[in-house]
Amino acid sequence: MSYEAIAVLMFSTFMLLLLTGQRVFGAIGFVAAAFSLALWGEGAVEMPFASTITLLNWYPMLTLPMFVYMGYMLSESGIASDLYRMFHVWTGPMRGGLAVGTVLLMVAISAMNGLSVAGMAIGATIALPELLKRGYDKIMVTGVIQAGSSLGIMIPPSVVLVLYGMIARQPVGQLWLAGVGPGLLLAALFILYILIRCHLQPHLGPPLPLEERQQITWGEKIRLLRAGILPLLIIFSMTGLFVMGVTSMVESSAVGALAATLVAWYKGRITRQVMEDTLRKSLAVSAMFMWIILAALAFGAVFDGLGAVKAIEILFLEKWGLEPWQVLVLMQLTYLLMGTFLDDTAMLIIVAPLYVPLIISLGFNPIWYGILYTITCQIAYITPPFGYNLFLMRAMAPKEVTLIDIYKSIIPFVLIMLVGLALVIVFPEIALWLPNQVYGK
Amino acid sequence: MPRIIKAYVRYVDAVNRVLGYFVMYLTLVMMGLLLFASLTRYVFNVPFVWIIEMAQFLMAAYYILGGGYSMQLDAHVRMDVLYERWRPKTRAFMDSLTAFFLVFYLAIMLRGGFASSAYSIKYNQTNYSAWAPPMAPIKIIMTVGIALMLLQAISIFFKDVAKVTGREIA
């Protein structure tokens, strides 16, 4: 059997197993173990276990459990409700203003955490019920929260960029800084969309009623701004100290976790029960991600053994005779397609090692490419049938939001993100300007 | 369900639950180690190479020893485009069939773990790093964790079979 046929067989077996509803890590792990035994016999029996050693020596992976814990701690701490209240009062008087405030809230949460879980938890429990109560359109609001929380993996810190940095062997510091511009660009596009849409169809996002606005004095408005102090302190202690070179990247995630714990403690939210729940949820989510990474590494090792990197290069450049930019677009299209039904973490670990060497040899900037990958990953998070934000939304949304609402809600935001992706492809400076300023050319 | 299977399910679930309860506190230990590392390096200018590596080893123990408990909590994502539409009994039926794939993967992991641990013990293998700690202890811990996950996967299989036949195990 040719190597291409084996690769196709591996992917199709994997897809079929996923449809049965077996756990993702079990499906990937089985395909990896079965194919390595079938291809190389008894000698390959240690291959799946070998990925535990690879993962053991991936020092930056320590940021994962730290950010997961921090995310849960932040949603317990009550910081988010204060922040929401601040945005509510300041942006509420505009048409669609509360939705704009929710995007800003998501940007703030994203700057404090490297995953989208925290934003989802906070958005679905704090912002969503409030916006529904104020007569906002449920489909638009659901979309705002899903798309907004996906900024968590783009605005630094970002666990997805840590993973990409390890696979592509690129400095994580530069990747994180490169995420700032595109992250803010996407947030701005979301806000623009909400303002235009609510201007045209005011019933989707009514402004706060006049009597409610008159009850809030200017003094109170100013006082509410204090809600921003603690988040700024957390962001400084984490990203600030890291960029200043005081802490290493992994240490900065531990500083962030400590800061979130201290804030929760200062706000009197820490009880034995809260602590235990937070630790238990952190273990469950970290173990879930780690086992998917472990299985995907074993899957990737089989691909590597088959010489897939060379095969893809030959296929794209020699057989199909593509231009470099055509290769780039094709790669993004395959990511988008796979991202709708595959697990995004597994996709990165299996596919990035195949694509990144080609990207570098074609003369593209691997930092910039990491950002392009992250945008496709954000899209993958919200596109059905498989997306982490979809799962979380379904688990946390109030009853009146149906599955169909959730699926419908993402359509405009996927289109906006595609516009964002195109902008970053055409103008690489959006991503690369900041790291070039800080680290020099 | 035979009594021995009920006992198996009860014991395996209890062991993984208790272990998971202790393992979840490793988050705080890892956090402490990393904070200590940055403090000593930046404030006292004494870098300890072993701290970071210790934290890495703890992370391996964390997610592998906690694996069984995370399966008990049903924390592992599935592609649920079809799965979600099935009745609970159909889900249990499908899970009891596809449990084979999960068990196969974990069994191969376990065999690899045994072989790799035996190798490390025999040749006193150390990690390629400045600290160069012996690899045998962490490999044995990971192998034990994988074995417990395998036991948990089989326990979940028994529970699914019991659900399909209408005689649920609590």
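Visitor: A cavity, on a 1 Å grid over the protein atoms alone, is a set of points where a 1.4 Å probe fits but cannot get out; what volume does the second largest cavity have here?
Guide: In this predicted model, the second largest cavity has a volume (the space filled by probe spheres set on the points, which are joined across faces, edges and corners) of about 40 Å³.

Visitor: Which residues line the second largest cavity?
Guide: Its lining (residues with an atom within 4 Å of a point) draws on Arg394(A), Leu403(A) and Tyr407(A), together with Asp80(B), Val81(B), Glu84(B) and Arg85(B).

Visitor: And how many cavities of 30 Å³ or more are there?
Guide: The search of the whole structure finds four, and the largest of them has a volume of about 120 Å³. It is lined by 14 residues, of which Val159(A), Val160(A), Leu163(A), Thr345(A) and Tyr381(A) are the closest to its centre.

Visitor: Changing topic, how many residues of chain A and chain B are in contact?
Guide: Counting heavy atoms within 4.5 Å as contact, chain A brings 66 residues and chain B brings 68 residues.

Visitor: What area is buried there?
Guide: About 6,100 Å² is buried between chain A and chain B, with 74% of it given by carbon and sulfur atoms; this is the accessible area (1.4 Å probe) lost on putting the two parts together, summed over both. Of the area that chain A buries against chain B, Arg23(A), Phe49(A) and Trp291(A) supply 13%, more than any other three residues.

Visitor: How many salt bridges cross the interface?
Guide: Three are found between chain A and chain B, each with a side-chain nitrogen of Lys or Arg within 4 Å of a carboxyl oxygen of Asp or Glu. Arg41(B) and Glu251(A) form a salt bridge at 2.4 Å, N to O.

Visitor: How should I read the numbering and values?
Guide: Residues are numbered from 1 along each chain as its sequence is written, while chains are lettered from A and ligands numbered from 1 in the order in which they are written. Local features need pLDDT of at least 70 and side-chain atom pairs count only at pLDDT 80 or more, totals for chains, interfaces and linings use all residues, and side-chain values use heavy atoms, leaving out hydrogens and water.

How values were computed
On a 1 Å grid over the protein atoms alone, a cavity is a set of points where a 1.4 Å probe fits but cannot get out, and a pocket is an open set with protein on both sides within 12 Å along at least five of seven lines; lining residues have an atom within 4 Å of a point.
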